[in-house]
Amino acid sequence: MTDAVEALRAALFVPQPPRFCGLEWRPDGRVYEPRSAYRWSAVKNGLYDRAVLAARRGMSEHGFHLDRGRVVLDLPFDVDLALLTRRFGQWERVARENLAREEASAARRAALPASEIAPTQASLKALLRAHRWAFRRPDDAYRFAQESRLTEGQQRFAKDLLSDASYVVRKVEERLATEAGAEDLARAQDPAVRRDVLEACRLLTGLDEDRARDANGAGWSQATSLCGHRLAEEQALTVLQAAHGLRLVHRHRRQLPLALKERLYGWEPSFRPDLPPPLKRTP
C-alpha cells in the first residue's frame, strides 16, 4: 500500500469538527495519548469565549482544552458527530444570546451623537427657563440639559422629564383658562386688585422653595402650588388670571403682609386679634 493511499484512508476516517462560533478549524495531527483522537485548533474569538463561560464543563467533557491560549479540540475517531453537532448548536445559541445582551448594554452606556441629544437638551433648557416649577425633578432636568454627553438611558429619562413637565404646564394652563367665580371676576376688573394678586402670588412663590413637598405652612399647598407658580411668572395678570389668583391666595392669606391682606380680603379678626377692627372711613 503506497503512502498516498494510506494518507487518503487516514483522511477518510478523521472526524471533522462541526461548525462552532465561527471558528476556522485547522488540523493539528493525530493524538495517541491519552486516547486515540485527532486534534483541531482555531483562533479564539469573543463568541467562543462566551460559550466557554456558559458551558465550560460540557465543552471540557467533549474534548476542548480550555486552558490553552488558542482553541484546542481533540475529537476521538469514534465520536458521535450528530450528538456533538447538537451540543455545539446549544452552546453557540446561548453564547450569541449573552453576546447580544452585552452589546445592547454597552450601546445603552455609550454616548449618543451630539446631534441626537441636541433637540432634547434645547427643549429642556427652554422649558426650565419658562416654567422650572413644572419639573418633578428640576435638578436632574438641569443636569441633563447641560451634560456634554448622554447615554441612551439618560436621553430616555430626559425625554420623560420633559414630557411630564410639558403635560403639567398644559394642564395648569387649562385650569387657569376655566371660568372663575362671578364675585372674583368682578373684583379682578380693578387694575389695583390685579397688581395686588400678582404681588401675593410672587410672595407665596418665594416662600415655596420645596414646591409644597413638605407640609410646613410656608408658601403654597400641594393643591395650589402649580397654578400659584404659574401666575407668579406673569408681568401682569389678566382679569381671568387675577380672579383665579384671588381664590388661590385666599387659602394662604395669613402668610401675606397685613396691608396686602386687608387690601385683598378686608379686615379679619384672625389677622390682628389684639386690635379692634379699623374704623370705617367717612365718604
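In this predicted model, Arg 136 is partly exposed, with a relative accessible area of 46%. The side chain of Arg 136 forms a salt bridge with Asp 164, and the closest N and O atoms of the two residues are 3.2 Å apart. This pair links distant parts of the chain: Arg 136 belongs to the loop between α4 and α5 (138–146), whereas Asp 164 belongs to helix α6, and 28 residues separate them. Asp 164 is also partly exposed, its relative accessible area being 35%.

The count of salt bridges in the model comes to 18. Another of them joins Arg 156 to Glu 152, with the closest N and O atoms 3.7 Å apart. Both residues lie in helix α6, and because they are four residues apart there, about one helical turn separates them. Arg 156 is partly exposed at a relative accessible area of 45%, and Glu 152 likewise counts as partly exposed, with a relative accessibility of 35%.

A further salt bridge is formed where the side chains of Asp 196 and Arg 263 meet, at 3.0 Å from N to O. Asp 196 is located in helix α8 and Arg 263 in helix α11 (residues 258–265), so the pair ties together parts of the chain that are 67 residues apart in sequence. The two partners differ in their surroundings: Asp 196 is buried, with a relative accessible area of 12%, while Arg 263 counts as partly exposed at 45% relative accessibility. The value for Asp 196 falls under the 20% limit that defines a buried residue, whereas that for Arg 263 lies between this limit and the 50% above which a residue is exposed.

Salt bridges also occur in a network, which links Glu 173, Arg 230, Glu 233 and Glu 234. Arg 230 is found in helix α9 and is buried, with a relative accessible area of 11%. When residues up to four places away in sequence are not counted, Arg 230 touches His 131, Trp 133, Val 172, Glu 173 and Leu 176. Glu 173 thus appears both in the network and among the residues that Arg 230 touches.

The surroundings of helix α9 were examined next. Seven of the eight residues of α9 are buried, so this helix is largely enclosed by the rest of the structure. The buried residues are Ser 225, Cys 227, Gly 228, His 229, Arg 230, Leu 231 and Ala 232. Among the elements that cover them are α4 (114–131), α6, α8 (191–207) and α10 (239–250).

Of these covering elements, helix α6 was considered in further detail. The axes of α6 (residues 152–176) and α9 (residues 225–232) come within 10 Å and cross at roughly 80 degrees. Because this angle falls in the range of 65 to 115 degrees, α6 is roughly perpendicular to α9. On the side of α6, the contact involves Val 168, Val 172, Glu 173, Arg 175 and Leu 176, which meet Leu 226, Cys 227, Arg 230 and Leu 231 of α9. The residues of this contact divide into six nonpolar, no polar and three charged. Glu 173 and Arg 230 take part in the contact and are also members of the salt-bridge network.

The model also contains an open sheet, in which three strands follow the order β1-β2-β3 with antiparallel pairing. Strands β1 and β3 (71–76) stand at the edges and have a single partner strand each, so one side of each is left without a neighbour in the sheet. From one strand to the next, the twist averages 25 degrees. Strands of a sheet pair through backbone hydrogen bonds, in either a parallel or an antiparallel manner. Here, strand β2 (residues 37–42) pairs with β3 in the antiparallel sense over six bridges. Arg 39 has Asp 74, in β3, as its bridge partner.

A backbone feature was noted in the loop between α1 (3–13) and β1 (26–31), where Cys 21 is found. Most residues other than glycine have a negative phi. The phi of Cys 21, by contrast, is near 55 degrees, a positive value in a residue other than glycine. Cys 21 is buried, with a relative accessible area of 2%.

Conventions:
Residues numbered from 1 in each chain as written. Predicted model: local features only at pLDDT ≥ 70, side-chain atom pairs only at ≥ 80, totals over all residues. Heavy atoms only, no water. Axes fitted to C-alpha atoms, helices over the stretch in contact; angles between N-to-C directions. Helix = DSSP H or I, 4+ residues; strand = E, 2+ residues; numbered from the N terminus. Parallel < 35°, antiparallel > 145°, perpendicular 65-115°, else oblique. Contact = heavy atoms within 4.5 Å. Nonpolar A, V, L, I, M, F, W, Y, C, P; charged D, E, K, R; others polar. Buried < 20%, exposed > 50% of the residue type's maximum accessible area, 1.4 Å probe, protein only. Pairing = 2+ DSSP bridges. Salt bridge = Lys/Arg side-chain N within 4 Å of Asp/Glu carboxyl O.
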